[in-house]
Each structure stands twice: as structure tokens, then as C-alpha cells.
Amino acid sequence: MQTDKAMQLYRNRTFINHILNAVKPVCKSITLVSSKQIHLNLGIEVIPDLEINKGPVCGIASALEHSVEELNLILSCDTPLIKTSFLEWLISNHNNNYDATIGFIGDEKMPLTALYHKKCGTVFTSFLQKNQLKVMNVLTDLNIHYLEIPKQYHRQLSNINTVQQLKAISV
């Protein structure tokens, strides 16, 4: 999109505001991983990435290293359609015998809308330190509980990465 997706507008509110509205009912605390000055005005805690421009592996490592909670809901900033109902479903289906709970639709896994135990942070940090930045590679070192996402939640997980995708959800 050539812009900060968190601050992109959808239905007169930023993507991040849509996501925060979905998250607030299910989380005790909310932290945004970002190094952008504009995010400091959102009224939530903002922490910087451990390293700059290292993508989601770094973002997750940063979040888990900072967190004091055992279980952490990790969300990307490009899912403005996400609703509390999906997050409640994901949390209620989490199994503590696993390192993480990740949903999937067909062949597509959703590791950026998932639950991770804090202990996963060491694995993400290890991959980050080796400059191995593909989330799917990190997951091979974790014990993952994969859940098929019910059809009624599919639209909520739409990643909006282009102007065309934004136009499509705005119809």
C-alpha cells in the first residue's frame, strides 16, 4: 500500500482502531510493537522492535520478550475485519499442552493471528539472531495446535495489503 497499514482508514477508522476494538474485551493488556512515532498517540503501550526491518519474526520475538503474560494473542495490523467473536473462539480452543494455537483455512496457516506462549519467544529470538526471518520456518521448532477456522470467521482474517483489497472490503 506504500503506507502505514495500521493507520490506513477503513470505514472512517484506522485499521488499528478496528483491531483494538476487537481485542479489548479479551485481553488484560495491549501492546503494539512499532518504532513509528505516530503510534505513540494511540493510547496503548508501544514498544520498539528488537531490530529494525526484520518483519514478523522480529515483531513476535519483541512482543514475547516484553510480555509478562504466559499466553499472548499476536495479531498483525492488516486485519481490520477481525472481531471479538473470532478471538473468543481462538482463545476458547487453545490447548495449554501446545506452544501455540494457530488457525488455518484450507492450506493457509494464520501465524500472525494466533496465540503463543511466552516461552516461544526464545525460539523466535533464536531465528531472528540467525537472520532466519520466515515465520513458517520458526513454527517447525514449536509444538503447534492447528485449528481449522470455521467458515463464519474466514472474512475476518482477510489481510489487506493492497489498495485493491481495501476497495474490495469497502463495497
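A residue counts as buried when its relative accessible area is under 20%. With that in hand, here are some close-up views of this predicted model.

**View 1. Thr84, where helix H3 begins its run of residues 84–92.**
Is Thr84 buried or exposed? Its relative accessibility is 17%, under the 20% cut-off, so Thr84 counts as buried. Look for the residues that touch Thr84: leaving aside neighbours within four places in sequence, they are Asn21, Ala22, Pro25 and Val26.

**View 2. The buried side of helix H3 and what it packs against.**
Thr84 has company here, since Phe86, Leu87, Trp89 and Leu90 of H3 are buried too. Which elements do the buried residues of H3 pack against? They meet H1, S5 and S7, together with strand S6 (100–105) and strand S8 (144–148).

**View 3. The largest nonpolar core, a set of 23 residues.**
Several residues of H3 return in this view: Phe86, Leu87, Trp89 and Leu90 are among those with the most contacts inside the core, along with Ile82 and Ile149. H1, H3 and S7 are the elements that give two or more residues to this core. The largest share comes from H1, with five residues. Take Ile82 as a place to pause: beyond its neighbours within four places in sequence, Ile82 is in contact with His18, Ile19, Ala22, Leu87, Thr113, Gln156 and Leu157. Apart from this core lies another one, of 21 residues, including Ala63, Val135, Leu139 and Ile144.

**View 4. The largest pocket, with about 1500 Å³ of space.**
To find your way to its centre, look for Thr31, Leu32, Val33, Gly59 and Leu75, the closest to that centre of the 49 residues that line the pocket. Helices H1 (15–23) and H2 (55–66) each give two or more residues to the lining, as do strands S3 (31–33), S4 (45–47), S5 (71–75) and S7 (108–117). Which element gives the largest share of the lining? That is H2, with seven residues. By residue type, the lining divides into 26 nonpolar, 13 polar and ten charged residues.

**View 5. Helix H4, residues 120–129, is mostly covered.**
How many of the ten residues of H4 are buried? The count is seven, and they are Cys120, Gly121, Val123, Phe124, Thr125, Phe127 and Leu128. What covers these buried residues includes H2, S7 and helix H5 (135–139). Follow the chain past H4 and you come to Asn131, whose phi is positive, near 60 degrees.

**View 6. Cysteines in a structure that holds zero disulfides.**
A disulfide is a covalent bond between the sulfur atoms of two cysteines. Cys77 is in no disulfide, and the nearest cysteine sulfur, that of Cys58, is 14 Å away. To count as a disulfide, two cysteine sulfur atoms would have to be within 2.5 Å. Cys77 is partly exposed, with a relative accessible area of 28%. Cys120, which you met in H4, is in no disulfide either; its nearest cysteine sulfur is that of Cys58, 16 Å away. At 1% relative accessibility, Cys120 counts as buried, because buried means under 20%.

Conventions: Residues numbered from 1 in each chain as written. Predicted model: local features only at pLDDT ≥ 70, side-chain atom pairs only at ≥ 80, totals over all residues. Heavy atoms only, no water. Helix = DSSP H or I, 4+ residues; strand = E, 2+ residues; numbered from the N terminus. Buried < 20%, exposed > 50% of the residue type's maximum accessible area, 1.4 Å probe, protein only. Contact = heavy atoms within 4.5 Å. 1 Å grid on protein atoms, 1.4 Å probe; cavity = no way out; pocket = protein on both sides within 12 Å on 5 of 7 lines; lining within 4 Å. Points joined across faces, edges and corners; volume = space filled by probe spheres on them. Nonpolar A, V, L, I, M, F, W, Y, C, P; charged D, E, K, R; others polar. Core = buried A, V, L, I, M, F, W, Y, C linked by side-chain atoms within 4.5 Å.
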